[in-house]
Amino acid sequence: MKVFFDERQLLHAPDREMHNGSWTSYQETPSRAVNIADRLKDYERPGDFGLDPILQVHTEKYVDFLRDAYAQWTEAGREGDAIAYAFPIVGRRGLNLKRIDAKLGAFSFDTATPLTENSWTSAYWSVQTALSAVHHLEHSSDTVAFALCRPPGHHAGADYMGGYCMLNNAAVAARYAHMQGLGPVAVLDIDYHHGNGTQDIFYADPNIYFASIHADPANDYPFYWGHADEAGKGPASGSNLNIPLPRDTELPVYRAKLELALDHIVEWGSRFLVVSFGADTHIDDPISHFRLRTEDYFTLGKMIASRRLQTVIVMEGGYATSILGENVSSFLEGVMS
Ligand code: Q9C
Ligand code: ZN
C-alpha cells in the first residue's frame with residue numbers, strides 16, 4: 001500500500017495546550033508521525049496540488065489568516081505560540097477586525113490549536129498527502145492508499161480551526177475525489193472524537209455522505225456537535241450519520257456500529273471512501289476513554305476493506321505515541337488482508 005508523508009509536516013510543534021482547565025504539554029506532537037513513519041518504513045513524498053483544492057473547502061479569508069497569523073502575532077510584540085482567548089459567540093456580528101487576538105478567536109472554536117511560525121507549512125503538506133493519495137487511486141489500479149496526515153484535520157471547518165486541526169485533510173480529499181468524478185464519495189470518521197469540521201463542511205452538501213462513530217459528545221469533546229439527531233440539512237438531509245458511543249466501549253459494540261455505518265455508506269451508493277482514522281480509540285490513549293486493543297484495528301480494517309470501495313485512509317488522532325505505529329500498521333494490515 002502506498003503511503004504519503006512529507007517531513008515538513010513535522011515543523012508544527014506548539015509548546016502547550018489547555019487540557020481540562022490547566023496547561024499541559026502539547027499532545028499532538030511531531031513524534032506521533034515519526035513513530036508511524038518509522039513503523040511503516042516506506043513512504044513517498046506527496047505531489048503539490050496547490051491551493052485550489054484547499055479553497056474548494058476552506059474560505060479565502062481563513063486561508064489568508066492561517067498563512068499570516070504568526071507574523072501578525074510577533075508584530076503585536078508577542079512571544080511563543082499564537083493562541084486565542086476571546087471568541088465571537090453565536091449571534092455576534094461578522095466583524096472584520098484587524099487585531100490578531102480578535103482574528104484568532106474569530107477563526108477558532110477552542111484553544112487547542114496554537115499556531116507557530118511553521119504551522120501553515122505543516123498543515124499545507126499534510127493536506128497535500130491526502131490529495132496525493134486520491135490522485136494515486138485515480139491513476140493506478142490500487143484500491144487503497146494511506147495519507148500519513150499530521151497535523152490532523154477533522155475538527156477544522158470551512159473557516160475555523162480547533163482540536164489540533166487547521167486544514168481539513170479528509171474533507172479536501174473527499175471534495176477533490178468528487179470533483180474528479182470518482183464518486184459517489186463518503187467519509188467515514190472513526191477517530192475517538194466527532195469530526196465536527198467535516199460534518200459542518202458537508203452538512204448541506206448532498207454529494208458527500210458523512211458517517212462518524214465517536215465518544216458521546218454529551219460527555220466528551222467537541223460537545224457541541226456529534227449528537228445522534230444531526231442528520232444533514234436541506235437537500236443533504238439524511239446524508240449525515242452520527243453514532244455516539246458511551247465511555248469504555250470495547251470491540252464487540254464498536255464493530256457492530258461500524259457494520260451499521262458501512263451498511264449506510266453502501267446503501268447510499270458510495271463508490272469512493274475517505275476514512276478519517278484515529279487511533280485515539282485505543283485503551284492506552286492518554287486523552288480518550290474507549291477500550292480498543294492493537295489487534296482490534298486489524299478487525300476494523302478488514303471490515304472496511306470487505307466493502308470493496310476505493311479507499312483513502314487519512315490519519316487523524318491517536319496520542320499513545322509509543323504504540324501509535326503498531327496500531328496504524330495493524331489497521332492497514334487488516335485493510336490489505
Ligand atoms: N480534556 C484529534 O484527535 N482537547 N483532536 C480536548 C479534553 C482537544 C483531539 C481536551 C482534543 C482534540 C484530531
Ligand atoms: Zn481524536
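This tour walks through a predicted model, beginning at ligand 1 and then moving out to the pocket that holds ligand 1.

Start by selecting ligand 1 together with the residues that surround it, of which there are 13, the closest being His19, Asn20, Gly163, Asp280 and Tyr319. If you colour this shell by residue class, you will find that its members divide into 4 nonpolar, 7 polar and 2 charged residues.

Next, select the side chain of Tyr319, where an N or O atom lies 2.6 Å from an oxygen atom of ligand 1. Then turn to Asp280, whose side chain places a polar atom 3.1 Å from an oxygen atom of the ligand. Continue to His155, where the partner on the ligand is a nitrogen atom, and the distance from that nitrogen to a polar side-chain atom of His155 is 3.3 Å. With these three side chains still on display, consider the ligand's surface: taken alone, ligand 1 exposes 410 Å², and the protein buries 91% of that area.

Now widen the view to the second largest pocket, which is where ligand 1 sits. This pocket has a volume of about 600 Å³, and it is lined by 30 residues, of which Met18, His19, Asn20, Tyr221 and Phe223 are the closest to its centre. Select His19 and Asn20 once more, as they are listed among the closest residues to ligand 1 and also among those closest to the centre of the pocket.

To finish, select the whole lining of the second largest pocket and colour it by class, which gives 12 nonpolar, 11 polar and 7 charged residues.

Conventions:
Residues numbered from 1 in each chain as written. Chains lettered and ligands numbered in written order. Predicted model: local features only at pLDDT ≥ 70, side-chain atom pairs only at ≥ 80, totals over all residues. Heavy atoms only, no water. Near = heavy atom within 4 Å. Polar contact = N/O pair within 3.5 Å; in protein donor to acceptor, adjacent residues only side chain to side chain. Areas by Shrake-Rupley, 256 points an atom, 1.4 Å probe, with all protein chains shown as cover. 1 Å grid on protein atoms, 1.4 Å probe; cavity = no way out; pocket = protein on both sides within 12 Å on 5 of 7 lines; lining within 4 Å. Sits in = over half its atoms within 2 Å of the grid points. Nonpolar A, V, L, I, M, F, W, Y, C, P; charged D, E, K, R; others polar. Points joined across faces, edges and corners; volume = space filled by probe spheres on them.
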